[in-house]
Amino acid sequence: MIQRIQSLYLLGIIILGTLLFFVPVIQLNTAPDAAVQRMFEISATGMDEITPDMEHLYVDSLTLNGLWGLTLTTLLIPFMAFVDLFLYRRRILQARLNIFLAMLCLGYYGILYMYIWFAKMNFGLDWHICFWACIPLICFVLTLGATRRILKDEALVRAADRIR
């Protein structure tokens with residue numbers, strides 16, 4: 001199972017997807033002309049305020065309700081790759097699941113854009129993308145590589161069956 005290159009690709013997706021759960025992907029800042037400067041980070045676990053020295057000020061908390069979409073997508077990416085890793089005997093199903101996993105990796109950016117747009121429209125926050133936001137794109141490329149290798153294995157097995 002692990003000796004196949006697509007298994008290594010899927011293992012990379014599992015590791016990167018798990019890492020994505022613990023790191024921030026977007027940093028939100030209040031406008032430069034605001035009375036109180038605040039900074040927030042959005043990750044799969046929610047939105048956290050990282051503004052330094054805010055203990056002495058009482059300000060209302062900003063929340064983005066419904067970050068469950070980002071959490072669910074972040075959890076599904078490594079879980080589906082893990083399930084896909086053990087479907088090595090059913091290559092066609094494995095390839096189809098990989099296509100869904102690739103769409104899920106791209107859907108992560110759609111959900112993230114929705115949260116950025118919501119924060120910009122409702123709170124007037126500026127956003128800055130963190131380095132870790134590239135992880136779903138790397139997972140997408142690894143998924144396409146794994147799918148290509150799975151289909152190549154399937155073609156090899158079918159060609160071997162024709163020779164018999």
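**Figure 1. Helix 3 and helix 4 lie side by side in this predicted model.** Helix 4 covers residues 135-163, and helix 3 packs against it at an angle of about 165 degrees, with the two axes 9 Å apart. Since angles over 145 degrees count as roughly antiparallel, helix 3 and helix 4 are therefore roughly antiparallel to each other. If you look at how helix 3 passes helix 4, you'll find a left-handed crossing. Want to know what sort of residues meet here? The contact of helix 3 with helix 4 divides into 19 nonpolar, four polar and four charged residues.

**Figure 2. Here's the whole chain, for getting your bearings.** Count along and you'll find four helices and four strands. Starting from the N terminus, the elements run α-β-β-β-α-α-β-α. The chain has 164 residues, and 39% of them count as buried. Now take the contacts in the chain with a separation of 6 or more: 67% of them come from residues 24 or more positions apart.

**Figure 3. Helix 2 packs against helix 3.** Helix 2 takes in residues 68-85 and helix 3 takes in residues 91-123. Their axes are 9 Å apart, and the packing angle is about 165 degrees. That angle makes helix 2 roughly antiparallel to helix 3. The crossing of this pair is left-handed. On the helix 2 side, the contact includes Trp68, Leu70, Leu76, Ile77, Met80 and Val83. From helix 3, the residues taking part include Leu97, Phe100, Leu101, Leu104, Tyr108 and Tyr115. Sort the residues of this contact by type and you get 17 nonpolar, five polar and one charged.

**Figure 4. Zoom in on two residues from the contact of helix 2 with helix 3: Val83 and Tyr115.** Val83 sits in helix 2, while Tyr115 has its place in helix 3. Which of the words buried, partly exposed or exposed fits Val83? Val83 is partly exposed, with a relative accessible area of 33%. And is Tyr115 buried or exposed? Tyr115 has a relative accessible area of 5%, and buried means under 20%, so Tyr115 is buried. Each of these residues can also be paired with a partner across the contact. Val83 and Leu97 are 14 residues apart in sequence, and their C-alpha atoms are 9.1 Å apart in space. For Tyr115 and Gly69, the gap in sequence is 46 residues, and the C-alpha to C-alpha distance is 9.6 Å.

**Figure 5. Helix 1 crosses helix 2.** Helix 1 is made of residues 5-22, and its axis comes within 8 Å of the axis of helix 2. The two cross at roughly 155 degrees. Helix 1 and helix 2 are therefore roughly antiparallel to each other. As helix 1 passes helix 2, the crossing is left-handed. Look for Leu10, Ile13, Ile14 and Phe21, which are among the helix 1 residues that meet helix 2. Helix 2 answers with residues including Leu75, Ile77, Pro78, Ala81 and Phe82. The tally for this contact is 11 nonpolar, five polar and one charged.

**Figure 6. Four strands make an open sheet.** Read across the sheet and the strand order is 3-2-1-4, with antiparallel pairing. Which strands are at the edges? Strand 3 (46-49) and strand 4 (126-129) are the edge strands, and each of them pairs on one side only. From one strand to the next, the twist averages 25 degrees.

**Figure 7. Strand 1 has strand 2 and strand 4 as partners.** Strand 1 covers residues 26-29, and four bridges join it to strand 4. Strand 1 is also joined to strand 2 (residues 39-43) by four bridges. Both pairings are antiparallel. Find Gln27 to see both partners from one spot: its bridge partner in strand 2 is Glu41, and its bridge partner in strand 4 is His128. Leu28 stands opposite Trp127 in strand 4.

**Figure 8. Strand 2 and strand 3 form a hairpin.** How many residues lie between strand 2 and strand 3? There are two residues between them. The pair runs in the antiparallel sense, over four bridges. To pick out a facing pair, find Phe40, which stands opposite Glu49 in strand 3.

How values were computed:
Residues are numbered from 1 along each chain as its sequence is written. This is a predicted model: local features need pLDDT of at least 70, side-chain atom pairs count only at pLDDT 80 or more; totals for chains, interfaces and linings use all residues. Side-chain values use heavy atoms; hydrogens and water are left out. Two strands pair if DSSP finds at least two bridges between them. Axes are lines fitted to C-alpha atoms, for helices over the stretch in contact, and angles run from 0 to 180 degrees between N-to-C directions. Angles under 35 degrees count as roughly parallel, over 145 as roughly antiparallel, 65 to 115 as roughly perpendicular and the rest as oblique. A crossing is left-handed if the near helix is turned anticlockwise from the far one by less than a right angle, and right-handed if clockwise. Contact means heavy atoms within 4.5 Å. Ala, Val, Leu, Ile, Met, Phe, Trp, Tyr, Cys and Pro count as nonpolar, Asp, Glu, Lys and Arg as charged, and the others, Gly among them, as polar. Buried means under 20% relative accessible area, exposed over 50%, partly exposed in between (1.4 Å probe, protein chains only).
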